[in-house]
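I sat down with this model today and kept a running log of what I looked up. The entries below are in the order I went.

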Amino acid sequence: MAQDKTPQERLQEEQEHKEHVHYTKINAAAIADHILGNIHTLHVKLHQYHWYVKGPHFFSLHEQLEELYNANEEWFDEISERLLASGYKPASTTAEFEEYTMLSEDPADKYLKAEEMVENVVEDFRSTREFTVRAIRLAQEEGNDALEDTLIAFKDHLDESIWMLQAFLGKEALEDDDAYEDEDED
């Protein structure tokens, strides 16, 4: 019985299960841990850019970055709670998020030009979207409609954010998007 075990024993079982899933048959919840890791990293990066952005677009970008990190926080909670409601135990510590993230951060980024900051956010959103698409497909295969719906809504948010940031850069929504360029070649 789970109550007879110490918190450390329960955590050890959870970690062994997650490791087993990652090395055998990956599932939507396992991919969602990577999404949550990315969202956690984006929390820090979006704040850094919000605080340090400079130049003629300061006011608009400062406000837009704040909107993005607020939305990011909402999705962090929404996806985590959906996983819990589906019976999964999502990552929940900084150490876990650092293990699962596929994004990088650099303290020197505070000195980037505003456009470079926006380009980095676009790339981070695209990377997160790739994991989201993979998790959507797995949730569909697993018959987890609620998780699938949540992830589809999150992907829609990422797509819209990418489009807006690309417009700021004077680009089309899918311009320079390797995920969509690869599909065109097939």
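**Entry 1: helix α2.** I started with α2, which is mostly covered: 20 of its 25 residues are buried. Worth noting at the outset that I am working from a predicted model. Next I checked the length of α2. Its 25 residues should span 36 Å at 1.5 Å a residue, and the end C-alpha atoms are 35 Å apart, so the two figures agree.

I then picked out Trp51, which lies in α2. Is Trp51 buried or exposed? Its relative accessible area is 56%, and the cut-off for exposed is over 50%, so Trp51 counts as exposed. I also took a distance from there to Phe125: the two residues are 74 apart along the chain, and their C-alpha atoms are separated by 19 Å.

**Entry 2: the start of α2.** I went back to where α2 begins. Asn27 sits in the loop between α1 (7-23) and α2 (28-52). What does the side chain of Asn27 reach at the start of α2? One of its oxygens comes to within 3.2 Å of the backbone nitrogen of Ala29. Asn27 has 15% relative accessibility, and buried means under 20%, so this loop residue counts as buried.

From Ala29 I looked across to Ser80. They are 51 residues apart in sequence, yet the C-alpha to C-alpha distance is 9.7 Å. Ser80 belongs to helix α3, and with a relative accessible area of 13% it is buried.

**Entry 3: a lysine in α1.** I wanted to see how covered Lys18 is, a residue of helix α1. At 12% relative accessibility, Lys18 counts as buried. I also noted its distance to His34: 16 residues along the chain, 12 Å between the C-alpha atoms.

**Entry 4: aromatic pairs.** How many aromatic pairs does the structure hold? I found three. The one I wrote up is Trp75 with Phe154: the ring centres are 5.4 Å apart and the planes are at 55 degrees, so I logged the pair as tilted. Trp75 is in helix α3 (residues 58-85) and Phe154 is in helix α6 (residues 145-168), so the pair ties together parts that are 79 residues apart in sequence.

Both rings belong to residues that count as buried. Trp75 comes out at 17% relative accessibility, and Phe154 at 2%.

**Entry 5: cavities.** I looked for enclosed space next. There are two cavities of 30 Å³ or more, and the largest holds about 40 Å³ of space. Which residues line the largest cavity? The lining includes Trp75 and Phe154, the pair from my previous entry, along with Phe125, the residue I had paired with Trp51 for a distance. Ile39, Leu42, Ala71, Asn72, Thr128, His157 and Leu158 are also in the lining.

I then sorted the lining by helix. α2, α3, α5 and α6 each supply at least two of the residues around the largest cavity.

**Entry 6: helix α5.** I moved on to α5, residues 114-142. This helix has 29 residues and reaches 42 Å from its first C-alpha to its last, close to the 42 Å expected at 1.5 Å a residue. What follows α5? Gly143 does, and its phi is positive, near 75 degrees.

**Entry 7: another positive phi.** I had Asp176 down for a backbone check as well. Asp176 has a positive phi of about 65 degrees although it is not a glycine. Where is Asp176 found? It is in the loop between α6 and α7 (178-185). At 39% relative accessibility, Asp176 counts as partly exposed.

**Entry 8: the record.** Last, I checked the annotation. UniProt, in an unreviewed entry, places the feature "domain: Ferritin/DPS" at residues 34-171. I looked at that span in the model: it is 78% helix and 0% strand, and its end C-alpha atoms lie 28 Å apart.

Conventions: Residues are numbered from 1 along each chain as its sequence is written. This is a predicted model: local features need pLDDT of at least 70, side-chain atom pairs count only at pLDDT 80 or more; totals for chains, interfaces and linings use all residues. Side-chain values use heavy atoms; hydrogens and water are left out. Helices (H or I, at least four residues) and strands (E, at least two) are DSSP runs, numbered from the N terminus. The expected span of a helix is 1.5 Å times one less than its number of residues. Buried means under 20% relative accessible area, exposed over 50%, partly exposed in between (1.4 Å probe, protein chains only). UniProt positions are given in the numbering used here, feature names are shortened, and annotations may be inferred rather than shown by experiment. Rings of Phe, Tyr and Trp (its six-membered ring) pair if their centres lie within 6.5 Å; planes under 30 degrees apart count as stacked, over 60 as edge-to-face and the rest as tilted. On a 1 Å grid over the protein atoms alone, a cavity is a set of points where a 1.4 Å probe fits but cannot get out, and a pocket is an open set with protein on both sides within 12 Å along at least five of seven lines; lining residues have an atom within 4 Å of a point. Grid points are joined across faces, edges and corners, and a volume is the space filled by probe spheres set on the points. A polar contact is a pair of N or O atoms within 3.5 Å; within protein, one must be able to donate a hydrogen and the other to accept it, and residues adjacent in sequence count only if both atoms are side-chain atoms.
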